[in-house]
Amino acid sequence: MKIENFDLAKIVMEIRYESAYLLWDRCGTVWTEATSIWPGLKPMDINPNRQSFRLKDKYEFHIELDKSFMIAHYCKAKDICEDQERFIRLVSNSLNIEAYERIGTRFIYELECEDIKEGGKKIYETGLTKLPAGPFLNVDGNVTPRHISFLNENEDTGVKVDFQMVTKKFEIEKPLGVKEFDYPQLDKKVLLFDVDYYTKKIVLPGQLNVSEWVKQVDHSIKRDSQKLFGE
């Protein structure tokens, strides 16, 4: 198993800050500025404590009182850095953010598996866990790992890594006014490789270079992933 076998499903860029009550007053300003940057932006959820927007099937933007984050779906890190930079700058300027309490970037990879058993086998083959053999707790059969998680931190930064088997369900409802429609629910068994890289100290807006930060995380994952995959 290699990082190249996975699809990069999501890249999440998040900032956390002290509660920014200016969001209550600047809802319209944020929306106007956002639509000027990304024409075609659609609102998902607009209320005093949260604004959420969507750009086609590519981006999600969420702005809340104490955190904001952008989710990019099935994109390459190098292709979205500019939009991430624009989003962070929009939030910081609109809400007068003076400091970031936490900066986080998550890279979520997916590998489709035939079933749970295959995914569990791939997790076991990483060598990150030791499982009991034979009957266990009065149950016959083989133990199947479903989730491994670990944390590594120093004074400045931390990283949380998860391997997890999940079931992704897709269901499309019959549209109104359509006589014939047959689209069954789809269930996919997916192995997630989820890397959450974050800061532990206060960072000032002028100290954050989003492009460099995200590219660094991207490079580190590609460089060190094989230490986890057991090859």
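## Salt bridges

A search of the whole structure, which is a predicted model, finds 16 salt bridges. Side chains of opposite charge can pair when their charged atoms come close. Three of the pairs are described below, followed by a network.

In the pair formed by Glu 64 and Arg 50, the closest N and O atoms are 2.1 Å apart. Glu 64 belongs to strand 4 (residues 59-64) and Arg 50 to strand 3 (residues 50-55), so this salt bridge ties together parts that are 14 residues apart in sequence. Glu 64 is buried, at a relative accessible area of 12%, whereas Arg 50 is partly exposed, at 24%.

## A bridge between two loops

Lys 201 and Asp 156 form another salt bridge, with 3.1 Å between the closest N and O atoms. The pair links distant parts of the chain, 45 residues apart. Lys 201 sits in the loop between strand 9 (186-199) and helix 4 (210-224), while Asp 156 sits in the loop between strand 7 (147-153) and strand 8 (157-170).

Both loop residues fall in the intermediate class of accessibility. Lys 201 is partly exposed, with a relative accessible area of 43%, and Asp 156 is partly exposed at 40%.

## A linked network

A network of salt bridges links Glu 14, Arg 16, Arg 102 and Asp 196. Within this group, Arg 16 pairs with Glu 14, and their closest N and O atoms lie 2.8 Å apart. Glu 14 counts as buried at 11% relative accessibility, and Arg 16 as partly exposed at 34%.

## Charge over the chain

The protein chain carries 34 positive and 39 negative side chains. The centres of the two sets of charges lie 2 Å apart.

## Cysteines

The count of disulfides is zero. A disulfide is a covalent bond between the sulfur atoms of two cysteines. Why does Cys 75 have no such bond? The closest cysteine sulfur to that of Cys 75 is in Cys 81, and because the two sulfurs are 11 Å apart, they are too far from each other for a bond. The cut-off applied here is 2.5 Å between the sulfur atoms.

Cys 75 is buried, with a relative accessible area of 12%. Cys 113 also counts as buried, at 6% relative accessibility.

## Fold and order of elements

The protein chain has five helices and nine strands. Their order along the sequence is β-α-β-β-β-β-α-β-α-β-β-β-α-α. The chain thus opens with a strand and ends with two helices in succession.

Contacts in the protein chain were also sorted by separation in sequence. Of those between residues at least 6 apart, 68% join residues at least 24 apart. The salt bridge between Lys 201 and Asp 156, 45 residues apart, links parts of the chain at such a separation.

## Dimensions and surface

The C-alpha trace of the protein chain spans about 60 × 60 × 35 Å along its principal axes. The chain contains 231 residues, of which 40% are buried. Glu 14, Glu 64, Cys 75 and Cys 113 are among the buried residues.

The accessible surface of the protein chain comes to about 13900 Å². Carbon and sulfur atoms account for 48% of that surface.

Conventions
Residues numbered from 1 in each chain as written. Predicted model: local features only at pLDDT ≥ 70, side-chain atom pairs only at ≥ 80, totals over all residues. Heavy atoms only, no water. Helix = DSSP H or I, 4+ residues; strand = E, 2+ residues; numbered from the N terminus. Buried < 20%, exposed > 50% of the residue type's maximum accessible area, 1.4 Å probe, protein only. Contact = heavy atoms within 4.5 Å. Areas by Shrake-Rupley, 256 points an atom, 1.4 Å probe, with all protein chains shown as cover. Lys, Arg positive; Asp, Glu negative; His and termini not counted. Charge placed at Lys NZ, Arg CZ, Asp CG, Glu CD. Salt bridge = Lys/Arg side-chain N within 4 Å of Asp/Glu carboxyl O.
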